[in-house]
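Trainee: Could we go through this model together, one contact at a time?
Mentor: Happily, let's open it up.

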Amino acid sequence: MNEKRRTLLKAVGGSTALAALAGCISTGGDGSDGGDGSDGGTTGSARLWTDLSDAEDEALTGYIDQYESETGNTINKEAPGGELDQQLETAIPAGDGPDSWIWAHDWVGRFAVREDPPFLYDASDDVDVSLDSYTQAAREAAQFNDGLYGLPFASETAALYYNADMVDEPPETLEEMVAVMEEHHDPENGQYGLSFPGVDPYPASGFIQAYGGDLFDEGTLEVGVDSDECKQGMDALETLYKYMPADPGYESQIVAFSDGLAPFAINGPWELGNLSGEVENLGVTTLPTVDGNHPRSYSGIQLFYFSSMLADADQSTVDAATGLAEWYTTNEEIIQTNATEQGFIPVLTDVVDNGDLSSEVQAFARQVDHGVPMPSHPGMNSVWTPVTEALERVFNDEQDSDAALDQAASEIREAL
């Protein structure tokens with residue numbers, strides 16, 4: 001995550017991703033002044049920053065080409081390198097930030113409260129699309145204190161991938177999963193039970209929160225990292241740690257599964273496009289239950305964010321940036337294709353309601369139903385690093401899990 005907190009999937013909505021809401025409003029398809037960024041013939045250009053998997057990036061490039069062809073606008077898509085939030089922290093104060101970027105919704109609250117300088121742009125008066133076009137969770141994710149800071153196009157969470165050539169039946173319980181992992185785990189010969197970037201709190205959250213504990217309660221602002229429930233969830237997580245490759249880093253983990261060296265992977269839908277080309281008989285299912293409890297994984301809503309750079313930009317730039325977001329997020333063909341090829345869970349209600357989602361996307365959607373939305377409160381930014389470091393210490397046998405969570409909770413409370 002960052003590839004891959006998002007990309008570990010750093011996400012989605014709290015209520016079901018399959019909830020039925022109002023219909024979609026199409027924008028920009030007829031060359032009219034209806035959100036296509038053309039502004040009656042005036043065209044503009046905008047910078048878009050992304051940090052995507054190869055398959056996602058290739059698909060987005062094609063869609064941007066289509067948008068440019070239809071509208072005459074120019075979108076300069078860039079991958080700034082490094083951690084995206086750190087790049088934004090440097091670029092925006094220097095006046096050199098993007099006009100838009102793509103990321104999960106958990107940055108909305110954190111950046112919306114920034115004032116010196118501001119980081120987000122309230123596009124409530126610029127966007128010409130009904131928010132009822134999106135599921136309730138998605139439209140709520142794009143807003144903060146009545147401001148509209150982006151438009152949503154997909155939800156995501158971590159679920160269980162399996163290689164059907166190595167797994168007869170997808171496991172429903174942690175015990176069943178352990179039995180299969182035991183069969184295949186042979187690290188001395190480069191074979192493992194599980195591919196899982198498990199020191200990343202985003203994919204690890206489901207197991208830590210399986211017994212009802214919350215790492216951070218957005219409503220009460222209470223830190224629950226050191227709660228009895230989260231400590232109990234750590235027992236399940238430590239069970240999984242036994243079957244992972246020794247390097248918990250994202251790339252080291254994912255290659256074990258993609259190369260056929262592990263029967264399972266825990267990862268997000270952003271890897272579906274890549275893994276489909278590597279694993280011939282690929283399956284996706286929900287995370288296995290723990291003592292009868294469904295893991296409560298964090299989920300996120302992917303947004304086109306509107307940057308504060310738009311506040312002083314030409315109207316043609318504002319139209320180009322918001323027009324792309326409108327066009328992309330309400331284009332049924334794009335959203336359906338992304339669901340089929342990338343595993344994106346739709347939040348455009350017309351696509352959600354059409355009943356034409358693949359089994360893989362349905363599995364991710366069911367896991368979203370079991371999970372909880374990532375808190376977007378600014379205080380959540382103080383949670384990620386201490387929890388990551390605690391999980392690393394536990395994984396490396398440097399600290400007992402209870403002590404590690406106690407230390408993380410203390411560090412978080414001190415930072416809040």
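**Salt bridges and a helix pair**

Mentor: The salt-bridge count for this predicted model comes to ten.

Trainee: Which helices are tied together by the salt bridge of arginine 110 with aspartate 85?
Mentor: The closest N and O atoms of arginine 110 and aspartate 85 are 3.4 Å apart, which is within the 4 Å limit. Aspartate 85 lies in one helix and arginine 110 in another, so the pair ties together parts that are 25 residues apart in sequence. The two helices are H2 (residues 84-91) and H3 (residues 108-112).

Trainee: Is arginine 110 buried or exposed?
Mentor: Buried means under 20% relative accessible area. Arginine 110 has 11% relative accessibility, so it counts as buried.

Trainee: How many residues apart in sequence are the parts tied together by arginine 413 and aspartate 226?
Mentor: Good one! Here the closest N and O atoms are 2.9 Å apart, and the two residues form a salt bridge. Arginine 413 sits in helix H15 (residues 401-415), while aspartate 226 is in the loop between strand S10 (222-223) and H7, so the parts they tie together are apart in sequence by 187 residues.

Trainee: How are H7 and H14 oriented to each other?
Mentor: Helix H7 (residues 228-241) packs against helix H14 (residues 384-395) at an angle of about 55°. That angle lies between the 35 degrees limit for roughly parallel and the 65 where roughly perpendicular begins, so the helices are oblique.

Trainee: Which residues of H14 meet H7?
Mentor: On the H7 side, the residues are Met234, Leu237, Glu238 and Tyr241. The contact residues divide into six nonpolar, no polar and one charged. From H14 come Leu391, Val394 and Phe395.

Methods: Residues numbered from 1 in each chain as written. Predicted model: local features only at pLDDT ≥ 70, side-chain atom pairs only at ≥ 80, totals over all residues. Heavy atoms only, no water. Axes fitted to C-alpha atoms, helices over the stretch in contact; angles between N-to-C directions. Helix = DSSP H or I, 4+ residues; strand = E, 2+ residues; numbered from the N terminus. Parallel < 35°, antiparallel > 145°, perpendicular 65-115°, else oblique. Contact = heavy atoms within 4.5 Å. Nonpolar A, V, L, I, M, F, W, Y, C, P; charged D, E, K, R; others polar. Salt bridge = Lys/Arg side-chain N within 4 Å of Asp/Glu carboxyl O. Buried < 20%, exposed > 50% of the residue type's maximum accessible area, 1.4 Å probe, protein only.
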